[in-house]
Amino acid sequence: MADALRLAERGAYTTRPNPMVGCVVAHGERVVGQGWHQRAGGPHAEVFALREAGEQARGATAYVTLEPCAHHGRTPPCALALIEAGVTRVVAAMRDPFPRVDGGGFALLREAGIEVGEGLLRTQARELNRGFLSLQERGRPWLRVKLAASLDGRTAMADGRSKWITGPAAREDVQHWRARAGAILTGASTVLADDPMLTVRLADADVAPPLRVVLDARLRSLARARVRQHGAPTLYLHDAATTVPDDLPGTGFVAVPSTDGRLALDAVLALLAARGINEVHTEAGATLAGALLGAGWVDEILLYQAPTLLGDEGRPLFGDLGITTMEQQRRMTVVDQRQVGDDLRLLLRPQAG
């Protein structure tokens, strides 16, 4: 199953909105076939593994990271493929909560007399597909906020300049996190200050470009054009009263509810969920980052901390959290920490309560 999980991760940049899935077909410890879901709309992991196994699949055990599908979508049901191949046992890391599967795959297998096991390395399987599971189980995307800060917790100088706090290794590492997301979210202030591209720049990597989403109530950042260039789709979310230009073909505009000029973040996430976005990667300033964290929408924080000091005039990581006492502090759990070049990378998740 560990091998199946490693195979599944190979599809991290191309399977969305589908989950990442890996499959290993084996007789005891002898592997006869393996595969992973490589691209949305293409064959699933089980199909690739069974093709490689051929006749050796008969009487074998299939280890798969997610319950085999039981419905006809863009591809036939994988549960039927396993039955037809003659496997006698299927071990799945977890059940698929997608309503058109959700136990149906297991039921088909059992009806065919195939032994089914569930739960092996479930925690790791859930972690791998946390975006897909968030959308299926909570009805909203998994939301990550990426930040780069100095040792004194500053993300930019007072005038907004931030290039560069971290080194080249950290900036390249960020590209992998962008690549696995369905959308890259930012705010108008960041676009105005940095004129970012917000694209994935990975040499020799097969990446389905994430949707670039700009929160801009009054569309004041349209003069900065790089976020609409370089071959990735762009969507502006704005106030309903704002006039939308008609001279920007290929760029999307959608009005969302707002209060006092601030877009409703729950409506933003609901809109992205409706578009099948599993995972949102946020690169924004303290105002938007603070609003997301304060509202409880942040699932994880990706923080690159550089060995430098910017001084107390610099801009903070999060704005307007309303913390005035030690009892109000927001504690984080460190999920992962590692050195990336000269910088320290922390993956943090807010603690409950």
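## A nine-stranded sheet, its packed helix and its salt bridges

In this predicted model, 9 strands form an open sheet of mixed pairing, in the order β11-β10-β9-β8-β14-β6-β15-β18-β17; two strands are taken to pair if DSSP finds at least two bridges between them, and helices (H or I, at least four residues) and strands (E, at least two) are DSSP runs numbered from the N terminus. At the edges stand β11 (251-255) and β17 (332-340), each with a single partner strand, so one side of each is left without a neighbour in the sheet. Neighbouring strands are turned against each other by 20 degrees on average, with direction ignored, where axes are lines fitted to C-alpha atoms, for helices over the stretch in contact, and angles run from 0 to 180 degrees between N-to-C directions.

Because the model is predicted, local features need pLDDT of at least 70 and side-chain atom pairs count only at pLDDT 80 or more, while totals for chains, interfaces and linings use all residues. Residues are numbered from 1 along each chain as its sequence is written, and side-chain values use heavy atoms, with hydrogens and water left out.

Within the sheet, strand β8 (residues 183-187) runs parallel to β9 and is joined to β9 by 5 bridges, and leucine 185 has valine 213 in β9 as its bridge partner. Helix α7 packs on the sheet, touching β6 (142-149), β8, β14 (279-283), β15 (300-305), β17 and β18 (343-350), and its direction makes about 165 degrees with that of β15; contact here means heavy atoms within 4.5 Å.

Two residues of α7 can be followed in turn. Arginine 178 is found in this helix, which covers residues 168-179, and is buried, with a relative accessible area of 7%; buried means under 20% relative accessible area, exposed over 50%, and partly exposed in between (1.4 Å probe, protein chains only). Not counting residues up to four places away in sequence, arginine 178 touches Ile184, Leu198, Thr199, Val200, Arg201, Pro210, His281 and Glu283. Histidine 176 also lies in helix α7 but is partly exposed, at a relative accessible area of 34%, and its contacts, leaving aside neighbours within four places in sequence, are Tyr13 and Leu202. Histidine 176 and leucine 202 are 26 residues apart in sequence, and their C-alpha atoms are 7.6 Å apart in space.

Arginine 201 belongs to the loop between α8 (188-194) and β9 (211-215) and is partly exposed, with a relative accessible area of 43%. Beyond its neighbours within four places in sequence, arginine 201 is in contact with Gln175 and Arg178. Under "binding site", an unreviewed UniProt entry lists Ser162, Arg178, Leu198, Arg201 and Glu283. From this set, the lining of the largest pocket takes in Ser162, Arg178, Leu198, Arg201 and Glu283. The UniProt positions are given in the numbering used here, and such annotations may be inferred rather than shown by experiment. As for the pocket, on a 1 Å grid over the protein atoms alone it is an open set of points with protein on both sides within 12 Å along at least five of seven lines, and lining residues have an atom within 4 Å of a point.

The charged side chains give a further view of the fold. A salt bridge is a side-chain nitrogen of Lys or Arg within 4 Å of a carboxyl oxygen of Asp or Glu, and by this rule the count comes to 21 salt bridges. Arginine 144 forms one with glutamate 279, the closest N and O atoms being 2.9 Å apart; arginine 144 lies in strand β6 and glutamate 279 in strand β14, so the pair ties together parts that are 135 residues apart in sequence. Arginine 144 also meets glutamate 300 in a salt bridge of 3.1 Å, N to O, and because glutamate 300 lies in strand β15, this pair ties together parts that are 156 residues apart in sequence. Arginine 144 is buried at 0% relative accessible area, glutamate 279 counts as buried at 3%, and glutamate 300 is buried at 0%. These residues take part in a network of salt bridges that links Glu127, Arg130, Arg144, Arg180, Glu279, Glu300 and Arg349.

Arg130, a member of that network, is also among the buried residues of helix α6 (residues 130-138), together with Gly131, Phe132, Leu133, Ser134 and Leu135. After α6 comes glycine 139, whose phi is positive, near 75 degrees.

Terms used. On a 1 Å grid over the protein atoms alone, a cavity is a set of points where a 1.4 Å probe fits but cannot get out, and a pocket is an open set with protein on both sides within 12 Å along at least five of seven lines; lining residues have an atom within 4 Å of a point.
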